Structure formats: structure tokens, C-alpha cells
Amino acid sequence: MSNDLKLYHSAASPNSRRVRIFLAEKGIAIPVVPVDLAKGEQHSDAYRAINPRRVVPTLELEDGTAIGEVLAIWRYLEEVYPTPPLLGSTPKDKALVTMWERRVELEGFAAVMEGVRNAAERLKGRAIAGPHDYDQIPALAERSRLRVKNFYADLDSRLAEVPFVAGNTFSAADITALVTVDFATKAMSFSAPGEHAALERWYENVSSRPSVGA
């Protein structure tokens, strides 16, 4: 276990899960500190001193440096623990992983988040995660389902060409895609349609990885 790092996370947070899967894929065990989002612990003075944006996850280094944002946490972990590579091993692979992970996050993960945050009763006044409060817009929740539907179709087309999202090997792009599908299924009751054979094949494959239960 690496005791020079500490991860503030929430078991229910999809972004926290992305980091936990990344850690598990690399075989890294670090101390974790739960943040109860339902009780509003992310808004406490103690946590705001760690992450002023009031979101999880946050990786705290030995010197007290706090790193927020999933991609930044991944980058730090990849540099310190390069094996196995999850952000690409060659310049070309690194670019492809970055490109596909970004597309999945913008077109899939963000679409689900938009639907959930603009519809959930408990998130009234908190339609956008972060330090500022925003009212919900119901029309965005309706639009999000179309966005997710299109995301599933586009991802299926991509996976008809390659075994994994960014190419021939499992990467961070697959982590974000998997968490997105599970997030949509659980939070929006919107699972991937059965007619997307390539997406179904990929999902069954990546869901069987031991890291997914992290």
C-alpha cells in the first residue's frame, strides 16, 4: 500500500469509480477517505479546504498537494506508476487514448451527468457540480436521453472496428466508457440497446475485468 497518497472519494460517485478502477488496474492500494455526498460533506469547511470546487475525487500527495479532476489524477498516477500503461505507451497511442477518452467524456459521460443533475430532486439548485449553484433546466434532462442514445450508437460503430475504445488495448478510454454505460443504466434506467452487438461484446469483455468491482 502506498501511504504517501490519500484518495478522497465517494462510493456512489462515477468519477470516483473511474479513479478506483484505474488504481485497481495498476495494482495500487492507497488509503481512501470517504466523503458522504448525501450528507453534504463535500460542502464542509474541512473538505473545501482540500478541494474548493466541492467535488470528488481528490488525490492528496504526501506534501499536502491536492489534485482534483479525474484526468489530472490519472496523469499523476501514470507518471509514478507507468505499468501497465493506461494512457498510452507511444506518442501515437497516447494521442489516441486522449482523443477517445475525451470524446467519451464529452459525448457520453457529460450527457448522463446533464440528465441526472437536471432531474434529480436532491440536486435542485445544484444542476452543475462545482463551487457555484445553478438551477435545474428540465429541457436539458429531456435532451440528455437523445445524447445518450446517439452516444451508444456512435460507440457501437467504433467498437465494430476495434476491440477497445482507443484501439487494440484496454485503456482509460474504456474506463470512462464503462462507467458511463453503468451510470446511465443505474441513474437514468437507460441501458445500451440490445441491437448494438459490438457495444454488447465490448461491455461483456470489460465488465469481466477484476478492476471493475473496485
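In which helix is A111 found? A111 is found in helix 4, where helices (H or I, at least four residues) are DSSP runs numbered from the N terminus, as are strands (E, at least two). The model is predicted, so local features need pLDDT of at least 70 and side-chain atom pairs count only at pLDDT 80 or more, whereas totals for chains, interfaces and linings use all residues. Residues are numbered from 1 along each chain as its sequence is written, and side-chain values use heavy atoms, with hydrogens and water left out.

**Stop 1: A111 and helix 4**

Please select A111. This residue is buried, with a relative accessible area of 0%; buried means under 20% relative accessible area, exposed over 50%, and partly exposed in between (1.4 Å probe, protein chains only). Next, add K149: the C-alpha atoms of A111 and K149 are separated by 9.8 Å, although the two residues are 38 residues apart along the chain.

**Stop 2: the ring pair of F109 and F183**

The structure holds 7 aromatic pairs, counted where rings of Phe, Tyr and Trp (its six-membered ring) have centres within 6.5 Å; planes under 30 degrees apart count as stacked, over 60 as edge-to-face and the rest as tilted. Select F109 and F183, which form a tilted pair at 5.8 Å centre to centre, with 40° between the planes. F109 lies in helix 4 (residues 91–117) and F183 in helix 6 (residues 172–188), so the pair ties together parts that are 74 residues apart in sequence. Both F109 and F183 are buried.

Keep F109 in view and add R18, which lies over the face of F109 at 5.0 Å from the ring centre. A charge sits over a ring if NZ of Lys or CZ of Arg is within 6 Å of the ring centre and within 35 degrees of the ring normal. A further example is R103, which lies over the face of W100 at 4.8 Å from the ring centre.

**Stop 3: helix 6**

Select helix 6. Its 17 residues reach 23 Å from the first C-alpha to the last, close to the 24 Å expected at 1.5 Å a residue; the expected span is 1.5 Å times one less than the number of residues. Of the 17 residues of helix 6, 14 are buried, so this helix is largely enclosed by the rest of the structure. Just after helix 6, S189 takes a positive phi of about 55°.

**Stop 4: helix 1 against helix 6**

Add helix 1 (residues 14–26), which packs with helix 6 at an angle of about 140°, their axes 10 Å apart. Axes are lines fitted to C-alpha atoms, for helices over the stretch in contact, and angles run from 0 to 180 degrees between N-to-C directions. Helix 1 is thus oblique to helix 6: angles under 35 degrees count as roughly parallel, over 145 as roughly antiparallel, 65 to 115 as roughly perpendicular and the rest as oblique.

How many of the 13 residues of helix 1 are buried? The number is 12 of the 13, so helix 1 is largely enclosed by the rest of the structure. The buried residues of helix 1 include P14, N15, R18 and F22.

**Stop 5: helix 5**

Finally, select helix 5 (residues 138–159), the place of A153. A153 is partly exposed, with a relative accessible area of 29%. From A153 to N15 the distance is 23 Å, C-alpha to C-alpha, and the two are 138 residues apart in sequence. Helix 5 and helix 6 pack at an angle of about 140°, with their axes 12 Å apart. That makes helix 5 oblique to helix 6. To end the tour, select F151, Y152 and F190, which ring pairs link into a cluster.
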